[in-house]
Amino acid sequence: MAMRDITELMNAYRECSRNLWNVYFSGRPDIGGSLDAFEQIRHLLFESLVVSELFYEGEAEGEDIPAPALRVVPRERTLILINRPSDDGNGYWDQEKDMVVGPKDIMLAFLNYFDFAQIPIMDFHFYRCKILSFPSRPEYEGREALIKAVDGRVFHDE
C-alpha cells in the first residue's frame, strides 16, 4: 500500500480549526454550548478539508466509505506520552516518564488533536493516537498516546 504524506493537509485543517475556536467561539458566555457546536463544525471541517482530498479505492460509496487510515510517524527521538489506565475515569498521560521513540519503533493511528486545556485557547499541540504496534513494549498496544504535532508527520494509507 502506498503511503502519502498529508502533514500539510492536516496542518491546514489544524490551523483552520484553531482559528475558528480561538477567534469566534472561545469567548462566548455559554462555553459548553460553544464546545458542542465547535465539535460538530470540526467534524465537518475534517471531512471537507482532509477526507475529501484523500484517495479511496473500493466498492463503497457515500457514507459507506470507511474512515481514512491515518498514520502518525514520529521523528527520530520523539517524546511520547502513553495513557495510563485508571479507576477514577480520568485520563493520565504518565505511564512512563521521558519515553522516546523513533519512526521504526512504533506504529500509531491518528485519532484526533489534543490539548491539555481547551479553554480559552486551543492549539492542538498534540496528536492523540492509538498504538497499533510497539514491538519492544507490546503491553502498550491498543492504548492511546500523545506526541507533539511538531514531532510527527501524518501519512494516509491509500
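The following exercises, each with a worked solution, concern a predicted model of a protein.

**Exercise 1. Fold outline**

Determine how many helices and strands the protein has, and in which order the elements run from the N terminus.

*Solution.* Begin with the count: the protein has two helices and nine strands. Next, place these elements in order. Read from the N terminus, the succession is β-α-α-β-β-β-β-β-β-β-β.

**Exercise 2. Overall dimensions**

Establish whether the radius of gyration of the protein agrees or disagrees with that of a compact globule, and give the spans of the C-alpha trace.

*Solution.* First, take the expected value: a compact globule of 158 residues would have a radius of gyration near 15 Å. Then compare it with the model, in which the protein has 17 Å, so the two agree. Finally, consider the principal axes, along which the C-alpha trace spans about 45 × 45 × 30 Å.

**Exercise 3. Burial, contacts and surface**

State what percentage of the residues is buried, what share of the contacts joins residues 24 or more positions apart, and what the surface and charges of the protein are.

*Solution.* Of the 158 residues, 35% are buried, where buried means under 20% relative accessible area. Among contacts with a separation of 6 or more, 65% are between residues 24 or more positions apart. The accessible surface amounts to about 9,400 Å², and carbon and sulfur atoms contribute 51% of this area. As for charge, there are 17 positive and 28 negative side chains, and 7 Å separates the centres of the two sets.

**Exercise 4. Lysine 130 between two strands**

Identify the residues that pair with lysine 130 in E6 and in E8.

*Solution.* Start with the strand itself: lysine 130 belongs to E7, which covers residues 126–133. On one side, E7 is joined by seven bridges to the antiparallel strand E6, residues 107–114. Here alanine 109 stands opposite lysine 130. A further five bridges join E7 to E8, residues 144–148, again in antiparallel fashion. In E8, the partner of lysine 130 is glutamate 144.

**Exercise 5. The surroundings of methionine 10**

Decide whether methionine 10 is buried or exposed, and name the residues that it touches.

*Solution.* Locate the residue first: methionine 10 lies in helix H1, residues 7–25. Its relative accessible area is 0%, and methionine 10 is therefore buried. Leaving aside residues up to four places away in sequence, methionine 10 touches Phe46, Val50, Leu70, Phe110, Tyr113 and Val154. For phenylalanine 46, the separation from methionine 10 is 36 residues in sequence and 8.6 Å in space, C-alpha to C-alpha.

How values were computed:
Residues are numbered from 1 along each chain as its sequence is written. This is a predicted model: local features need pLDDT of at least 70, side-chain atom pairs count only at pLDDT 80 or more; totals for chains, interfaces and linings use all residues. Side-chain values use heavy atoms; hydrogens and water are left out. Two strands pair if DSSP finds at least two bridges between them. Helices (H or I, at least four residues) and strands (E, at least two) are DSSP runs, numbered from the N terminus. The radius of gyration is taken over C-alpha atoms; the globule rule is 2.2 Å times the number of residues to the power 0.38. Buried means under 20% relative accessible area, exposed over 50%, partly exposed in between (1.4 Å probe, protein chains only). Contact means heavy atoms within 4.5 Å. Accessible areas come from the Shrake-Rupley method with a 1.4 Å probe; for residues, only the protein chains shown count as cover. Lys and Arg count as positive and Asp and Glu as negative; His and the chain ends are not counted. The place of a charge is taken as NZ of Lys, CZ of Arg, CG of Asp or CD of Glu.
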